[in-house]
Amino acid sequence: MIRWWIDLWDREEPATALAALRVSISAALLLDLLTVGRLGLVQLLWSPKEGGGLLNPLARDAVPLLYQWLPPEPWAATAIHVAFCVLALAFGAGLFTRLSGLLLVLLYAQVAALFPFGDRGIDLLLRNALVILLFSRCGAAWSLDALRRTGSLRGDGAPVPAWPRHLLILQLSVVYFMAGVQKIAPSWWPMGGFEALYLVYQNPAVSRWPFEWVASWAPVTRLATAATLLFEWSAWILPLLYWFRATRERPGRLRAWANRLKLRSAWVFVGVLLHLGIALTMQLGLFPYGMLALYPAFFHPDELAALSRRLFG
Amino acid sequence: MTPQSTPRVKPWAALRAGLIALAVLVYGLDATPLPDRISPRSFKDPSLRAVFDGWSEIAGSVGLEISSRDLRKRAWAESKRVIQGRRALLAPAAPVFAWSGTGQAWGLFAFPETNPARLYIEGSDGEVWTRLHQTGDRARTLLTPQLQSRQLRAFYQNAAARSEPTPAYRRFVTWASRRAFDEHPELVSVRVGFERLSALPSEVPPAPPGEPFHVVTRRRPADAPGEAAP
């Protein structure tokens, strides 16, 4: 068993999937940060009240580190914002990848302490992913570091440890499963008439469009509610489906059936549809894009290469 | 025929597998579906109360008589015990969680709001109050892009769940008023508040919004046209 566990985390693969994750996570984060800047919310969110902010972090028992170092002036919030953007950009471009990634995570955590209301589950998840990537060789391909070291942005093609991607798959499986387990309201369940999504769409702070009309489409929202719950509760089988794929040569009816039906691909496809649906119908900011930014983890680098060939020739 | 020998385990691979096991264990424990902390106030949330009402009703329908209040009391006691136990177990990892800002505490629409609060901003020219912003209204859109941002929305939705307007909410009103005075020079007063809506089952016709609450008014000082007086 111990030997199996050690071997499980000792595999290697090309660095491209981890590089894709590095770029997609940074891009999602950067987009969110630029939105905060474009809307003129930097001081309001990240300054103490003395600098025009909403909150009063200087009055807390533990003053956030950034304001132990910086004065409570409006320019300090601007400096934090600029540094955050530069680090996200540097990590995405793979410039001093480990260092920029480490500083990015530390700053992201400090910014969360400045305005805890704005720090949502997706921020927590992206920081988890960034920490995992810190220990990976995600800068070995498609990065300025690769260009410096090998003379090519693509890097030298040498395989890198695959465990960070596998750990991210496990993380995503936990995220979805726990999101399903936490859906405790009867409205998510048959006894509550699967009304949850209908209720969510009646909240004007969340729904992207006026959705009064969906009352006449109740069967559709009920079906979508049930499908969401089924999708999330089924997430625990995801690691098993990956295991079946990795050991496809072994016997077993369940293994053969899961591989033949491409259950893993089907599950991931439903996930993409779920997040696109959320992006189209709800205003949850970074959430759908941040989640989709983690989806390259679901694909082996060979699959990403095949997808890239199919899309771009 | 020589028996096939198993390759030796590389020490680094063994150490790495051990560290990953530790991380999976710690973060797995943190992922148990419970909040970080719990207070009696958590149970005052109308949407969570509706959840307990619903489960009490369902329990009653299968012959398990337990009132919503008793269910809440039992949930409070059990959750407190389990959360304290988990916190004690995770205490050694707390600095890692704090410095990296990592963790596993999330949920998406665990209990959809049955009485969502709708934010509004109104301005007066001294005679008539005009609604300038209303969440979800495509005709009254003052500050809509800002108020739709995930960070600010989370802030004012939290403010709506409080029993009284907080100092931070009052600063939010001051900020919104300044922006309203800037865009509408005719305004002499601005007020910001919430209305409670009813999200009812799809077969029930929508109800009118409830009475406004957390209404805070700001007046424009005569000598500073862009300012908002507290």
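How many bridges join E1(B) to strand E3 of chain B, and in which direction do the two strands run? There are eight bridges, and the strands run antiparallel. Before I go further, please note that this is a predicted model.

I will stay with strand E1 of chain B for a moment. E1 covers residues 117-124, and E3 covers residues 189-196. To give one position in that pairing, B:Tyr120 has B:Gly193 as its bridge partner in E3(B). E1(B) also pairs with strand E2 of chain B, residues 129-134, through five bridges, and this pairing is antiparallel as well. Here B:Gly123 stands opposite B:Thr130. E1(B) and E2(B) make a hairpin with four residues between them. In the turn, B:Gly126 has a positive phi of about 110°.

Next, burial. Eight of the eight residues of E1(B) are buried, so the strand is largely enclosed by the rest of the structure. In a regular strand, side chains alternate between the two faces of the sheet. For E1(B), one side carries B:Ala117, B:Leu119, B:Ile121 and B:Gly123, and the other carries B:Arg118, B:Tyr120, B:Glu122 and B:Ser124. Both faces are covered.

Two of those residues bring us to charges. B:Arg118 and B:Glu122 belong to a network of salt bridges that also links B:Arg131, B:Arg191 and B:Glu195. B:Arg191 has a further contact: its charged end sits over the ring of B:Trp129, 3.9 Å from the ring centre. Chain A has a contact of this kind too, with A:Lys183 over the face of A:Trp188 at 4.8 Å from the ring centre.

On salt bridges in general, side chains of opposite charge can pair when their charged atoms come close. Over all chains the count is 18. I will show three.

The first is between B:Arg150 and A:Asp32, with an N to O distance of 2.7 Å. B:Arg150 is in helix H6 of chain B and A:Asp32 is in helix H2 of chain A, residues 16-38, so this pair joins two chains. Both residues are buried.

The next is within chain A, where A:Asp7 and A:Arg3 meet at 3.5 Å, N to O. They are four residues apart in helix H1, residues 2-8, and therefore separated by about one helical turn. A:Asp7 is partly exposed, with a relative accessible area of 34%. A:Arg3 is also partly exposed, at 30%.

The last is B:Asp137 with B:Arg140, at 2.8 Å, N to O. B:Asp137 is buried, at 18% relative accessible area, whereas B:Arg140 is partly exposed, at 31%.

Finally, the aromatic residues. The whole structure holds 23 aromatic pairs over all chains. One of them is A:Phe117 with B:Phe155: the ring centres are 5.4 Å apart and the planes are at 80°, so the pair is edge-to-face. This pair crosses between chains, from the loop between helices H6 and H7 of chain A to helix H6 of chain B. Is A:Phe117 buried, partly exposed or exposed? At 21% relative accessibility it counts as partly exposed. B:Phe155 is buried, at 2%.

Both rings belong to a cluster linked by ring pairs. Its other members are A:Phe115, B:Tyr156, B:Tyr169, B:Phe172, B:Trp175, B:Phe194 and B:Phe213.

Terms used
Residues are numbered from 1 along each chain as its sequence is written. Chains are lettered from A and ligands numbered from 1 in the order in which they are written. This is a predicted model: local features need pLDDT of at least 70, side-chain atom pairs count only at pLDDT 80 or more; totals for chains, interfaces and linings use all residues. Side-chain values use heavy atoms; hydrogens and water are left out. Buried means under 20% relative accessible area, exposed over 50%, partly exposed in between (1.4 Å probe, protein chains only). Two strands pair if DSSP finds at least two bridges between them. Rings of Phe, Tyr and Trp (its six-membered ring) pair if their centres lie within 6.5 Å; planes under 30 degrees apart count as stacked, over 60 as edge-to-face and the rest as tilted. A charge sits over a ring if NZ of Lys or CZ of Arg is within 6 Å of the ring centre and within 35 degrees of the ring normal. A salt bridge is a side-chain nitrogen of Lys or Arg within 4 Å of a carboxyl oxygen of Asp or Glu.
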